[in-house]
Amino acid sequence: MATSWVETLRSAEKTCIVQDGRRKIHFTLKDGSELAEEYDMRTSELLVRKWRTKGTLGGTRRWEFEVGEQFAPVNLEMEGMVESASNPVFTRSDTRKAFQWRIRNLPYPLETYSTTADPESRSIIVRTTNKKYYKKFSIPDLDRASLPVEQDRLTIAHANNTLIISYDKPQAILEQERILQEEFKKMKASKDGDVDCKPS
């Protein structure tokens, strides 16, 4: 049985393009917000998921990344000040079986970190025993599917000054992703160009 999230995407206007080994899908939802996703053509792994909503005065806002990160060069004239390159950088990059977040520029040993699933706030909390780092974040996929946040699905690893947090995907999420991949494969996609295909 399809979830409401699957139905939301099915009913959205969609365009699809295959470019650089990626299936890129653009959704316009009924509320006018936009969703763009990119999948690896070989593995079907989600590489990018970003959102854009309409501004209060009718213009469009900047893309907000849920999965992946923006690699565009920073324009100092537009941005003003820029974060230090040595500050911790938080990004999400999922695998087929797990949601995964990486926090770069964290040099402390593994035993310094504590990760907690907080069911009340539906969040994951990362903190260090030396009180040098604290981060609280949600898992939108679980929120959309109305699934609980569970401690026993969390694992952490640390390598190359990067903390890696993994959360095993529940069976309901894996099934939802399987249904969506089947839907995406049915879409007509233009190849290697920036021309949109016919909206569905």
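# Exercises on a predicted model

The second largest pocket holds about 460 Å³ of space. Of its 24 lining residues, R96, L174, E177, R178 and Q181 are the closest to the centre. The structure is a predicted model, and its chain has four helices and 13 strands.

## Exercise 1. The lining of the pocket

Task: Find which helix gives the most to the lining of the second largest pocket, and state how the lining residues divide into nonpolar, polar and charged.

Solution:

Step 1. List the elements that supply at least two residues each: these are strand 4 (46-52), helix 3 (140-144) and helix 4 (171-186).

Step 2. Pick out the main contributor. Helix 4 gives the most, with nine residues.

Step 3. Sort the lining by residue class. There are seven nonpolar residues, five polar ones and 12 charged ones.

## Exercise 2. Helix 4

Task: Compare the span of helix 4 with the expected value, then name its buried residues and what covers them.

Solution:

Step 1. Helix 4 has 16 residues. At 1.5 Å a residue, a span of 22 Å is expected.

Step 2. From first C-alpha to last, helix 4 reaches 23 Å, which is close to the expected figure.

Step 3. The buried residues of helix 4 are I173, Q176, I179, L180, Q181 and F184. Q181 is also one of the residues closest to the centre of the second largest pocket.

Step 4. The cover over these buried residues includes helix 1, strand 2, strand 3, strand 7 (98-104) and helix 3.

## Exercise 3. Helix 1

Task: Decide why the buried residues of helix 1 line one face of the helix.

Solution:

Step 1. Helix 1 runs over residues 4-11, and W5, V6 and L9 are buried in it.

Step 2. Look down the helix axis. The buried residues of helix 1 fall within an arc of 100°, so they line one face.

Step 3. Identify the cover. Strand 1 (13-19), strand 2 (22-28), strand 3 (34-40), strand 4, helix 3 and helix 4 are included in what covers the buried residues of helix 1.

## Exercise 4. Four strand residues

Task: Place R23, W101, D118 and T162 in their strands, and classify R23, W101, D118 and T162 by accessibility. The cut-off for buried is under 20% relative accessible area, and partly exposed lies between that and 50%.

Solution:

Step 1. R23 lies in strand 2. With a relative accessible area of 13%, R23 is buried. Its contacts beyond four places in sequence are C16, I17, E37, E38, Y39, M41, F184 and K185. The C-alpha atoms of R23 and M41 are 6.0 Å apart, although the two residues are 18 apart in sequence.

Step 2. W101 is in strand 7. Its relative accessible area is 2%, so W101 is buried. Beyond four places in sequence, W101 touches F90, T91, R92, F137, I139, L163, I164, I165 and Y167. With L163 the sequence separation is 62 residues and the C-alpha distance 8.1 Å.

Step 3. D118 belongs to strand 8 (residues 113-118). A relative accessibility of 22% puts D118 in the partly exposed class. Outside four places in sequence, D118 is in contact with S123 and I125. Its C-alpha atom is 6.9 Å from that of V149, which is 31 residues away along the chain.

Step 4. T162 is in strand 12 (residues 162-168). At 12% relative accessibility, T162 is buried. Its contacts, leaving aside neighbours within four places, are R102, I103, R104, L106 and A157.

## Exercise 5. Positive phi in two loops

Task: For K131 and S146, state the phi angle, then give the location of K131 and of S146.

Solution:

Step 1. K131 has a positive phi, near 60°, and is not a glycine. K131 lies in the loop between strand 9 (123-128) and strand 10 (134-138). With a relative accessible area of 77%, K131 is exposed.

Step 2. The phi of S146 is also positive, at about 55°, and S146 is not a glycine. S146 sits in the loop between helix 3 and strand 11 (154-159). Its relative accessible area is 64%, so S146 is exposed.

## Exercise 6. The whole chain

Task: State what percentage of the residues of the chain count as buried, and what percentage of the contacts join residues at least 24 apart.

Solution:

Step 1. The chain has 200 residues, of which 37% count as buried.

Step 2. Take the contacts between residues at least 6 apart in sequence. Of these, 47% join residues at least 24 apart.

Key
Residues numbered from 1 in each chain as written. Predicted model: local features only at pLDDT ≥ 70, side-chain atom pairs only at ≥ 80, totals over all residues. Heavy atoms only, no water. 1 Å grid on protein atoms, 1.4 Å probe; cavity = no way out; pocket = protein on both sides within 12 Å on 5 of 7 lines; lining within 4 Å. Points joined across faces, edges and corners; volume = space filled by probe spheres on them. Nonpolar A, V, L, I, M, F, W, Y, C, P; charged D, E, K, R; others polar. Buried < 20%, exposed > 50% of the residue type's maximum accessible area, 1.4 Å probe, protein only. Arc of directions from axis to C-beta. Contact = heavy atoms within 4.5 Å. Expected span 1.5 Å × (residues − 1).
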